[in-house]
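Subject: Handing over the structure for your review

Dear colleague,

Please find below the structure I mentioned, with the sequence alongside. My notes on what was found follow after it.

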Amino acid sequence: SNSYVYQTARIQSTTESLQRSAMGFGNSQFVFRYTIMQEDDIGSTLRVAPIVGADIPTWMDDQSDKYGRVPPSLQPGWGAWGPLLGNTFTWQTLDWMVAADIVYQFNTAAEGYKFGNVFRVDGGFRYRLWPWPLRTGVPAEIYASLEANLINVAQDQAAGVVQPNTGGTSLFVDPGIIYTTAQWGVVLSALLPAMQQLNGSAPLIHYEILLLFRWSFFTPYHL
């Protein structure tokens, strides 16, 4: 998967306040999963699957605005590899789905800068809004979704020196809407911070908007 990112932040110093921004393609992420537990019943399925993968740099980590090169935290990508591993859980019925994961990502350095490693726990619930009741032959389905993301980020390092105004722990709540067919789907959601305990003067996130597109290359028969 990949993402096109637009980020903006107000950088405050002792003498001025600057609005900095950057946009471009972020790192590509490849994830492989293997189901180790599967319990199927009429109208429902439960699965547990470990995952392993990596963020792969797309080299869009040198973007500039009118003030010059933007800080690393605002770059669309970070120019480094980020191996990850974790475990996933899903329980899906014809009407709703519960999903959760736990993931740890190891970030490497690029051009002397290393972003902090990331530990995250995610949980989500989605409920079918349309069609209701479910019937055969429908071309698509619409779901309401609600997720929560607990994310702990270690402090960054520049030339081996820990950066005091980076890293911390955040909790986000993400309401959204999902439109899905057998072949493709679209997700629109807002990431709203419920708690941010960041180090030093690390910038707070006010909100994020995500628009995701999914295309299945392997099977047109399952959502």
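How many helices and how many strands does the protein have? The model, which is a predicted one, has zero helices and 18 strands.

**Overall dimensions and surface**

The C-alpha trace spans about 65 × 30 × 30 Å along its principal axes, and of the 223 residues in the protein, 32% are buried. The exposed area comes to about 13,800 Å², of which carbon and sulfur atoms supply 63%. When one takes the contacts between residues at least 6 apart in sequence, 54% of them join residues that are at least 24 apart. As for charge, the protein carries 12 positive and 17 negative charges, and the mean positions of these two groups are 4 Å apart.

**Salt bridges**

Side chains of opposite charge can pair when their charged atoms come close. The structure holds four salt bridges, and I describe three pairs here, including their places in the chain where I have them.

In one of them, the side chains of Asp65 and Arg20 meet with an N to O distance of 2.7 Å. Asp65 belongs to strand S6 (residues 64–65) and Arg20 to strand S2 (residues 17–25), so this pair ties together parts that are 45 residues apart in sequence. Are these two partners, Asp65 and Arg20, buried or exposed? Both Asp65 and Arg20 are buried.

Another salt bridge joins the side chains of Glu111 and Arg69, with 3.5 Å from N to O. This pair likewise links distant parts of the chain, since Glu111 sits in the loop between strand S10 (109–110) and strand S11 (113–114), while Arg69 is in strand S7 (residues 68–69), 42 residues apart. Glu111 counts as exposed because its relative accessibility, 67%, is over the 50% cut-off, whereas Arg69, with a relative accessible area of 47%, is partly exposed. The backbone of Glu111 also deserves a note, as its phi is near 55 degrees, a positive value in a residue other than glycine.

A further salt bridge is formed by the side chains of Arg120 and Asp122, at 2.8 Å from N to O. Here Arg120 counts as partly exposed at 28% relative accessibility, but Asp122, with a relative accessible area of 11%, is buried.

**Backbone details**

Which residue besides Glu111 should be checked for its phi angle? Ala159 has a positive phi of about 55 degrees although it is not a glycine. Ala159 lies in the loop between strand S14 (157–158) and strand S15 (161–162), and at 69% relative accessibility Ala159 counts as exposed.

There are also cis peptide bonds to look at. One joins Trp130 and Pro131, with omega at about -5 degrees, and another runs from Trp132 to Pro133, with omega near 0 degrees. Pro131 lies in the loop between strand S12 (118–130) and strand S13 (141–153), and Pro133 is likewise found in the loop between S12 and S13.

**A nonpolar patch on the surface**

Which residues form the nonpolar patch on the surface? The patch is formed by Phe125, Tyr127, Leu129, Trp130, Trp132, Ile177, Leu188, Leu192, Tyr207, Ile209 and Leu211, which together have about 1,100 Å² of accessible area. The elements that give two or more residues to this patch are S12, strand S17 (184–198) and strand S18 (208–215), and the largest share, four residues, comes from S12. Among the members, Leu192 has its place in strand S17 and, at 38% relative accessibility, counts as partly exposed. Trp130 and Trp132, both members of the patch, also take part in the cis peptide bonds described above, Trp130 in the one with Pro131 and Trp132 in the one with Pro133.

With kind regards

Terms used
Residues are numbered from 1 along each chain as its sequence is written. This is a predicted model: local features need pLDDT of at least 70, side-chain atom pairs count only at pLDDT 80 or more; totals for chains, interfaces and linings use all residues. Side-chain values use heavy atoms; hydrogens and water are left out. Buried means under 20% relative accessible area, exposed over 50%, partly exposed in between (1.4 Å probe, protein chains only). Contact means heavy atoms within 4.5 Å. Accessible areas come from the Shrake-Rupley method with a 1.4 Å probe; for residues, only the protein chains shown count as cover. Lys and Arg count as positive and Asp and Glu as negative; His and the chain ends are not counted. The place of a charge is taken as NZ of Lys, CZ of Arg, CG of Asp or CD of Glu. Patches are made of residues with over 30% relative accessible area and no salt bridge: like charges are joined within 9 Å, nonpolar side chains (Val, Leu, Ile, Met, Phe, Trp, Tyr) within 5 Å.
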